[in-house]
Amino acid sequence: MWRRNKQITLALLILFLTLATLTAYLLFVNQASNNYYYYDNKNEKYLAYLPHSGLSNQRIELANALLLAAMLKRTLIVPPAFLGTVVGWMPMEQLLDHLSWLTSPKDFETLCQHPTPGELHSYIHRSKCAEYDKFAAIPWTQLHDFSQLEPYVKLKFLDVVSFEMLQKDLGVTDNDTYVHIDDHLYDWRLYEDKEEARAILQNGSNYIDSFTDRKYYKIFTPLHWQQRPEKLLHLGGIFGSTRMNIVEPKHLELRDRISETLHYRLDTPLGDTVQSIVNHLGGKASFMSVHFRLGDAPFKKYATDNMHAFERNMSIATGIPVPPYPPRNELGEFISAPLPPARPKYPVFVIPQANLSQVPWSNVCQNVPPLIQTPMTDIQNRAVVYVATDHKDMRGENSRLLEWFDYFPCTLTLNDIPSELLAPLDTMHDMVDPSKSLRSFLIPLVDSMVAAHGRRIFTTPRSTFSKYIGELNEAWVLKEQGYTLADFIEQA
């Protein structure tokens, strides 16, 4: 009898364990199918790309790469962020050579001494050393917090950009690697809508008009990359704010999450520096801002037009009357650019001192109300304004921007900020050569991040970097008061 009971008990135990195992498996499969971004860790695959150009372009590349890696369920290989003067797009082999030399640890101080007569190798390194002097590297994690992307995409951060080292680190061979060679900067675009992709190919509108000729780009759907079986998929540059054309709601939501993730962190020495300067100016949203780009050729060409637009829009925002809009043509476009107010006949001249609470600054200039709904008609041209710009000396005798100070004399630039407020930057160093301080390389970031803390910011048209600073202002100031950028569309 006891044997029979034992057999029954054993059978029930086996049945229970079988059902428990089956239930666990079904739950696992269900979870994996419900989680679109589920990764198969046993057969992990990777996506790599090559960064180039300025930090703003690199950030756009990173955003594209994050989205694509999540869609392909591949771990993203993330190179460092590069500051200073960074080489632009070039064929992959050349770009790899540049970045590998700059990111591989070596005795730069000895290698980059002045050339020695009679020693050819000392001259060969000269151009690379000149590039190194204007270049720095920093982990992306010091600029952005990636924690909210952990459920969607796996990341592997690199210190050195090297194709051979990457293959060795991942344990992959050439046979298990697919490298896509770009023919030009905008080599391909991805379209999730197959009908849209087909229509573009049929009407031949897949091109970019460059300075030299018309560059046609390839049209890919996600399947083009999804069907690659190789363990490592290595792309070239993936810059372009219109490169990833997606329509699925889950991907649109992820794109927005990526955009939020790539807002600058404020809990770092960089953020501490920004906060100190913002406090020096009077606090968040207590000043108006402009992000004025002039460095590159397209922005130099339109510098005067952009300045007049800034003068007009800042006048409207601070309660200064402006001329009416010009007539429109049959297409609804202005027949001429809207004008700023007449230039003041008796402009005020005031130079900001180290302590802005002291006279004469405090007698002339006034911080604006942080609440956006509060009008500024009683402040007008006495409003404190911060201008972030790549112009070296906006107040200089030969500056083409001097007339701005006639309109808004209470304007400050980073040159007017006490140098001791930049001290936290001295704790940040290059990740390749720790003896190299990042202070000078981080100045453009500090400048733009300070401007993004203004009550309102006016940004340079057609600049992706300026557009990004406007998005920071929306996240850090506008949304806290229930507004978005769409609530402030300038007509000029």
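**Charges and cross-links in a predicted model**

Student: Where in the chain is arginine 74?

Tutor: Arginine 74 sits in the loop between α2 (55-72) and β2 (75-78). Please keep in mind that this is a predicted model.

Student: Which side chain of opposite charge is nearest to arginine 74?

Tutor: That is glutamate 230, at 5.4 Å. A salt bridge requires a nitrogen and an oxygen within 4 Å. Arginine 74 has no salt bridge, although the residue is buried.

Student: Then which backbone oxygen atoms does the side chain of arginine 74 reach?

Tutor: There are contacts to the backbone at two places. The side chain of arginine 74 comes to 2.8 Å from the backbone oxygen of tyrosine 46. A polar atom of that side chain also lies 3.1 Å from the backbone oxygen of lysine 231.

Student: Let me try an acidic residue. Is aspartate 182 buried or exposed?

Tutor: Aspartate 182 is buried, and it too is without a salt bridge. The nearest side chain of opposite charge belongs to arginine 243, 5.5 Å away. In the chain, aspartate 182 falls in the loop between β6 (177-179) and β7 (188-191).

Student: What does the side chain of aspartate 182 meet in a polar contact?

Tutor: The partner is the side chain of histidine 180, at 3.5 Å. In addition, the backbone nitrogen of glycine 237 is 3.2 Å from a polar atom of the aspartate 182 side chain.

Student: And which residues does aspartate 182 touch, leaving aside neighbours within four places in sequence?

Tutor: With those neighbours set aside, aspartate 182 is in contact with Trp89, Asp187, Trp188, Gly236 and Gly237.

Student: Now for the salt bridges. How many are there?

Tutor: The count comes to 17 salt bridges. One of them pairs lysine 154 with glutamate 44, with 3.3 Å from N to O. Lysine 154 lies in the loop between β4 (135-138) and β5 (155-157) and glutamate 44 in the loop between α1 (2-34) and β1 (46-48), so this salt bridge ties together parts that are 110 residues apart in sequence. Lysine 154 is partly exposed, at 29% relative accessible area.

Student: Which residue does aspartate 406 meet in a salt bridge?

Tutor: The side chain of aspartate 406 meets that of arginine 343, at 2.8 Å from N to O. This pair links distant parts of the chain, 63 residues apart: aspartate 406 is in helix α15, while arginine 343 is in the loop between α13 (303-317) and α14. With 45% relative accessibility, arginine 343 is partly exposed.

Student: Which residues are joined into one network by salt bridges that share partners?

Tutor: Those are Asp183, Asp187 and Lys218. Asp187 was named earlier as a contact of aspartate 182.

Student: What about aspartate 267: which residue is its salt-bridge partner?

Tutor: Aspartate 267 pairs with arginine 265, and their closest N and O atoms are 2.9 Å apart. Aspartate 267 is exposed, with 56% relative accessible area, whereas arginine 265 is partly exposed, at 24%.

Student: New topic. How many disulfides does the structure hold?

Tutor: The structure holds 2 disulfides. In one of them, cysteine 112 is joined to cysteine 129, with an S to S distance of 2.1 Å. The torsion about this S-S bond is about -80°, so the disulfide is left-handed. Cysteine 112 belongs to the loop between α4 (108-111) and α5 (120-124) and cysteine 129 to helix α6 (residues 126-133), so the link ties together parts 17 residues apart in sequence.

Student: Are cysteine 112 and cysteine 129 buried or exposed?

Tutor: Cysteine 112 is partly exposed, with a relative accessible area of 21%. Cysteine 129 is buried, at 6%.

Student: Which cysteine does cysteine 365 pair with?

Tutor: Cysteine 365 forms a disulfide with cysteine 410, the sulfur atoms being 2.1 Å apart. This link is left-handed, with -85° about the S-S bond. Cysteine 365 counts as buried at 10% relative accessibility, and cysteine 410 is buried at 0%.

Student: Finally, what does the secondary structure come to?

Tutor: The protein has 17 helices and 16 strands. Of its 492 residues, 46% are buried. The protein exposes about 25700 Å², of which carbon and sulfur atoms supply 55%.

Note on methods. Residues numbered from 1 in each chain as written. Predicted model: local features only at pLDDT ≥ 70, side-chain atom pairs only at ≥ 80, totals over all residues. Heavy atoms only, no water. Disulfide = S-S within 2.5 Å. Helix = DSSP H or I, 4+ residues; strand = E, 2+ residues; numbered from the N terminus. Buried < 20%, exposed > 50% of the residue type's maximum accessible area, 1.4 Å probe, protein only. Lys, Arg positive; Asp, Glu negative; His and termini not counted. Polar contact = N/O pair within 3.5 Å; in protein donor to acceptor, adjacent residues only side chain to side chain. Contact = heavy atoms within 4.5 Å. Areas by Shrake-Rupley, 256 points an atom, 1.4 Å probe, with all protein chains shown as cover.
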